[in-house]
Amino acid sequence: PLIPTPAVRGQPRPTPSGTTPGRQTLRIFVDGLVAGETTSSREGAWSFTLPRDLESGVRTVRVVAVVNGVERAATQQALLIDRSPPPAPSIAVPALVAHATPTIVGTGPAETTINLTIRRQGAAPVTTYRTVVGTDGMWQVELGRTTPLSGVLTTLADGTYELEAFAVSPTGFTSTPVRQPVPLDTAAPAT
């Protein structure tokens, strides 16, 4: 049976799939242990949902065709599973912000999603934004133009705000958050 499923980085429960002669029983092994069985469709397509998440590391999926109870042709593929969280992003803002709708920039692992929360110190979150880190490792949120994920887009009053950002990998693993206090004084000269 052919397994065209690519090697997966991060996804803890990949779904092996492939093609084989129609209506064939297939036995699925993960790291040498039976994970279960499935039957291909009349056209020969098959897929199998693993019963549990896989641990990090290189895992081997082996698919064996079963004919009249006897194991016949087999094929296997190595999958790279990485369940570690992404590194924490960084936030880069001036020591003093003089604009009520500043652009917040930072760095993070490429193609991860950044959740940015802005709250006045000691208060509930004002607004939460979401953006994606570019292939160059940079991200930005323009408070005056970006639609918030939650909260209401408003201009910020003078005071001290806390920015909190964390990265989410494409497979859902979350980094530790980073926090940075930012004083806002719209009467101060822009830096």
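A polar contact here is a pair of N or O atoms within 3.5 Å, where one must be able to donate a hydrogen and the other to accept it. Keep that in mind for the first close-up, and remember throughout that this is a predicted model.

**Figure 1. R59 and its polar partners.** Start with R59, a residue of strand 5, which covers residues 57-67. Its side chain makes a polar contact with the side chain of D31, at 3.5 Å. A polar atom of the R59 side chain also lies 3.2 Å from the backbone oxygen of E55. Look around a bit and you'll find what else R59 is in contact with: leaving aside neighbours within four places in sequence, the list is D31, L54, Q77, A78, L79 and I81. So D31 turns up in this view both as a polar partner of the R59 side chain and as a contact of R59, with a cut-off of 4.5 Å between heavy atoms for the latter.

**Figure 2. The four-stranded sheet around strand 5.** Here's the sheet that R59's strand belongs to: an open one of four strands, in the order 3-2-5-6, with antiparallel pairing. Strand 3 (33-39) and strand 6 (70-81) stand at the edges, each with a single partner strand, so one side of each has no neighbour in the sheet. Neighbouring strands are turned by 20° against each other on average, if you ignore direction. Which residue of strand 6 stands opposite R59? That's L79, and the two strands, 5 and 6, pair in the antiparallel sense over 10 bridges.

**Figure 3. A three-stranded sheet elsewhere in the chain.** This one is also open and has antiparallel pairing, with its three strands in the order 7-8-11. Strand 7 (90-92) and strand 11 are the edge strands, each pairing on one side only. From one strand to the next, the twist averages 30°. Zoom in on strand 8 (residues 103-107) and strand 11: they run antiparallel and are joined by five bridges. Two of the facing pairs are worth picking out. V105 stands opposite Q140 of strand 11, while I104 has V141 as its bridge partner in that strand.

**Figure 4. Strand 11, one face in and one face out.** In a regular strand the side chains alternate between the two faces of the sheet. Strand 11 (residues 138-142) shows this: W139 and V141 point to one face and are buried, whereas M138, Q140 and E142 point to the other and are not. How buried is V141? Its relative accessible area is 0%, and since buried means under 20%, V141 qualifies. Setting aside neighbours within four places in sequence, V141 is in contact with P102, T103, I104, L116, Y129, T131 and T146. For a sense of scale, E37 is 104 residues away from V141 in sequence and 48 Å away in space, C-alpha to C-alpha.

**Figure 5. Two nonpolar cores.** In soluble globular proteins, nonpolar side chains tend to be buried together. The largest nonpolar core in this model has 19 residues, and those with the most contacts inside it are I91, I104, L116, I118, W139, L143 and L163. Strand 9 (113-120), strand 11, strand 13 (159-168) and strand 14 (178-184) are the elements that give two or more residues to this core. Strand 13 gives the most, with four residues. Now find I118: not counting residues up to four places away in sequence, I118 touches P125, V126, T127, Y129, L143, L156, Y161, E162 and L163. There's also a second, separate core of 12 residues, which includes V30, L50, L79 and I81. You've met L79 and I81 already, among the contacts of R59.

**Figure 6. Stepping back to the whole chain.** What elements make up the chain? There are 14 strands and zero helices. The C-alpha trace spans about 80 × 30 × 30 Å along its principal axes. The radius of gyration is 24 Å, whereas a compact globule of 191 residues would have one near 16 Å. Of those 191 residues, 40% count as buried. Finally, among contacts with a separation of 6 or more, 58% are between residues 24 or more positions apart.

Key
Residues are numbered from 1 along each chain as its sequence is written. This is a predicted model: local features need pLDDT of at least 70, side-chain atom pairs count only at pLDDT 80 or more; totals for chains, interfaces and linings use all residues. Side-chain values use heavy atoms; hydrogens and water are left out. Buried means under 20% relative accessible area, exposed over 50%, partly exposed in between (1.4 Å probe, protein chains only). Two strands pair if DSSP finds at least two bridges between them. Axes are lines fitted to C-alpha atoms, for helices over the stretch in contact, and angles run from 0 to 180 degrees between N-to-C directions. A nonpolar core is a set of buried Ala, Val, Leu, Ile, Met, Phe, Trp, Tyr and Cys residues joined through side-chain atoms within 4.5 Å. The radius of gyration is taken over C-alpha atoms; the globule rule is 2.2 Å times the number of residues to the power 0.38.
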